[in-house]
Amino acid sequence: MRSHTAEPSLPPPGSSAPEPPPHTPGFDHGHPATAGARALQRLADHVNTRALVLLRATVGIVFLGFGILKLFPSASPAEQLAVDAATKMTLGLVPETVLLLSLAALETAIGIGLIVGGRLLRPTLVAFFLHMGGVFSTLLLLPDAMWQPHSPAPTMEGQYVVKNVVLVAVCLVVAADAWGSGSRSSRRPDGTDRTTSG
């Protein structure tokens with residue numbers, strides 16, 4: 001018996017293979033998954049270009065809210081904790097009312113500075129990090145309130161303090177951009193320092 005092998009059919013001379021239909025930009029309404037992926041990509045690009053502004057604004061809103069709460073007696077759940085820590089740091093030489101109003105003014109100013117940015121950003125970041133140093137010092141100044149007895153686990157108040165590491169991390173990113181942009185702007189395109197004379 002003979003075996004017959006089918007030869008591939010070739011297009012006649014002079015004819016070309018059919019071209020695929022041209023791709024048109026935009027959403028493919030026939031594929032909702034593709035349309036959703038493109039929408040998510042556009043959203044990610046939008047957030048990425050405004051990430052630092054978003055970080056600044058959200059931390060600023062948190063500080064502004066906490067600062068305003070301290071202006072009203074007993075409105076802030078952290079009021080007494082903050083006053084007790086500040087009293088220990090000032091050796092009891094400053095009245096509690098003055099301490100509370102000072103903390104409220106400081107946190108409100110930090111919040112406004114982070115939201116507004118611009119020329120206020122750098123001094124605001126310095127004030128923020130100094131304030132955070134005072135906040136974390138309560139873990140040592142008020143051990144009975146910060147830590148559970150016979151356990152390394154923090155109390156509810158201690159957790160309130162420890163969670164500020166997130167705000168510190170956010171402001172470190174903001175500060176790296178703010179202070180890094182100053183050093184970049186002081187350099188020429190060839191990498192040499194603009195402040196040095198040739």
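Let me start with the largest pocket in this predicted model, which is lined by 23 residues, and of these Lys-70, Ala-82, Glu-107, His-131 and Val-135 are the ones that lie nearest its centre. If you look at which elements supply two or more residues to that lining, you find α2 (51-69), α3 (79-89), α4 (96-116), α5 (121-141) and α7 (156-162). The space inside the largest pocket comes to about 390 Å³, and, sorted by class, the residues around it are 15 nonpolar, five polar and three charged.

Now, to place those helices in the whole chain: the protein has eight helices and zero strands, so that is the α-α-α-α-α-α-α-α pattern you can follow along the sequence. Of its 198 residues, 26% count as buried.

Let me turn to the outside of the protein, where Ile-61, Ile-112, Ile-115, Val-116 and Leu-120 together make a nonpolar surface patch of about 430 Å². The helix that gives the most to this patch is α4, with three residues, and α4 is also among the elements that give two or more residues to the lining of the largest pocket.

One member of the patch deserves a separate word, namely Leu-120, which sits in the loop between α4 and α5. Is Leu-120 buried or exposed, or something in between? With a relative accessible area of 42%, Leu-120 is partly exposed, and because a patch residue needs over 30% relative accessible area, Leu-120 clears that cut-off.

How values were computed: Residues numbered from 1 in each chain as written. Predicted model: local features only at pLDDT ≥ 70, side-chain atom pairs only at ≥ 80, totals over all residues. Heavy atoms only, no water. 1 Å grid on protein atoms, 1.4 Å probe; cavity = no way out; pocket = protein on both sides within 12 Å on 5 of 7 lines; lining within 4 Å. Points joined across faces, edges and corners; volume = space filled by probe spheres on them. Helix = DSSP H or I, 4+ residues; strand = E, 2+ residues; numbered from the N terminus. Nonpolar A, V, L, I, M, F, W, Y, C, P; charged D, E, K, R; others polar. Patch = residues over 30% accessible without salt bridge, like charges linked within 9 Å, V, L, I, M, F, W, Y side chains within 5 Å. Areas by Shrake-Rupley, 256 points an atom, 1.4 Å probe, with all protein chains shown as cover. Salt bridge = Lys/Arg side-chain N within 4 Å of Asp/Glu carboxyl O. Buried < 20%, exposed > 50% of the residue type's maximum accessible area, 1.4 Å probe, protein only.
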